[in-house]
Amino acid sequence: MKTILTSVFMMALWLMLSGIYTPMLIGLGIVSVILVMFIVRRMDRIDGDHVRISIRPIHFFFYLFWLFIEIAKSNWTVTRVILARTMPIRQNLFEVPYTQKSDLGQVIFANSITLTPGTLTIETEAGDFLVHALAYCPTDIEALADMDRRVTKIENGAEI
């Protein structure tokens, strides 16, 4: 059942992203999906390494909405820095602790930091990320702690 649902999702994504619905393209999409599913199933049999996705979908949707707003705010801040006559760049490297238990939660948090303009996750260590900020402000630590709490809530339902 999981294979069929994944195949249907991949085919729908293929069609949605291509925007072209000719028989040849649909046929190539079906062949591609079958080939990918064959390779994935074969890889699962060999190494047995599975990624457990343990996120709460509704919380994740609200998190994405919140993240898009944060990205827009950060875009505005970075634009102001770039367009300012004096370019008030205050670069800084600092460590941001994370509270996620799963690899997926840590990846979501690290990528959320990187997606936010003006910040970049450079390195991962046990318990924290090394982050570079273009226009560092002491409140960045608090904002990233809030992001960490939100990602942890997605992962395991902890209250923020």
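Helices and strands are DSSP runs, a helix having at least four residues and a strand at least two, and they are numbered from the N terminus. Keep that numbering in mind as you select. The model on your screen is predicted.

**Stop 1: a loop residue**

Select M87. It sits in the loop between helix 3 and strand 1. Look at the backbone here. M87 has a positive phi of about 45°, yet M87 is not a glycine. Is M87 buried, partly exposed or exposed? Its relative accessible area is 41%. Partly exposed covers values between 20% and 50%. M87 is therefore partly exposed.

**Stop 2: helix 1 and helix 2**

Go back towards the start of the chain. Select residues 23-47, which form helix 2. Then add residues 2-18, which form helix 1. At what angle do the two axes cross? They cross at roughly 140° and come within 10 Å. An angle over 145 degrees would count as roughly antiparallel, and one from 65 to 115 as roughly perpendicular. Helix 1 and helix 2 are therefore oblique to each other. Their crossing is right-handed.

Now colour the residues that make this contact. On helix 1, pick T3, T6, S7, M10, M11, W14, L15 and S18. On helix 2, the list includes L25, I26, L28, G29 and I30. Further along helix 2, also among them, are S32, V33, V36, M37 and R41. Sort the contact by class: 11 residues are nonpolar, 6 are polar and 1 is charged.

Zoom in on S7, in helix 1. Which residues does S7 touch, leaving aside its neighbours within four places in sequence? The partners are V33 and M37. Next, draw a distance from S7 to R42, C-alpha to C-alpha. It spans 15 Å in space. In sequence, S7 and R42 are 35 residues apart.

**Stop 3: helix 3 and helix 4**

Select residues 57-83 for helix 3 and residues 103-115 for helix 4. How far apart are their axes? They are 10 Å apart, and the helices pack at an angle of about 25°. Angles under 35 degrees count as roughly parallel. Helix 3 and helix 4 are therefore roughly parallel to each other. Helix 3 passes helix 4 in a right-handed crossing.

Show the side chains in the contact. Helix 3 supplies F60, Y63, L67 and I71. Helix 4 supplies I108, S112 and L115. Of these contact residues, 6 are nonpolar, 1 is polar and none is charged.

Stay on helix 3 and select S74. Is S74 buried or exposed? Its relative accessibility is 15%. Buried means under 20%. S74 therefore counts as buried. S74 touches T116 and P117, not counting residues up to four places away in sequence.

**Stop 4: the sheet**

Turn to the strands. Select strand 1 (92-97) and strand 2 (119-125). Add strand 3, residues 128-133. Together you have an open sheet of 3 strands with antiparallel pairing. In what order do the strands lie? The order is 1-3-2. Strand 1 and strand 2 are the edge strands, and each pairs on one side only. Neighbouring strands are turned by 30° against each other on average, direction ignored.

Check the pairings one by one.

- Strand 1 and strand 3 run antiparallel and are joined by 6 bridges.
- V96 has F129 in strand 3 as its bridge partner.
- Strand 2 and strand 3 also pair in the antiparallel sense, over 6 bridges.
- E123 stands opposite L130 in strand 3.

Follow the chain from strand 2 into strand 3. This hairpin has 2 residues between the strands. Select G127 there: its phi is positive, near 100°.

**Last stop: helix on sheet**

Show helix 4 and the sheet together. Which strands does helix 4 lie across? It lies across strand 1, strand 2 and strand 3. Against strand 2, helix 4 runs at about 150°.

Terms used. Residues are numbered from 1 along each chain as its sequence is written. This is a predicted model: local features need pLDDT of at least 70, side-chain atom pairs count only at pLDDT 80 or more; totals for chains, interfaces and linings use all residues. Side-chain values use heavy atoms; hydrogens and water are left out. Axes are lines fitted to C-alpha atoms, for helices over the stretch in contact, and angles run from 0 to 180 degrees between N-to-C directions. A crossing is left-handed if the near helix is turned anticlockwise from the far one by less than a right angle, and right-handed if clockwise. Contact means heavy atoms within 4.5 Å. Ala, Val, Leu, Ile, Met, Phe, Trp, Tyr, Cys and Pro count as nonpolar, Asp, Glu, Lys and Arg as charged, and the others, Gly among them, as polar. Two strands pair if DSSP finds at least two bridges between them. Buried means under 20% relative accessible area, exposed over 50%, partly exposed in between (1.4 Å probe, protein chains only).
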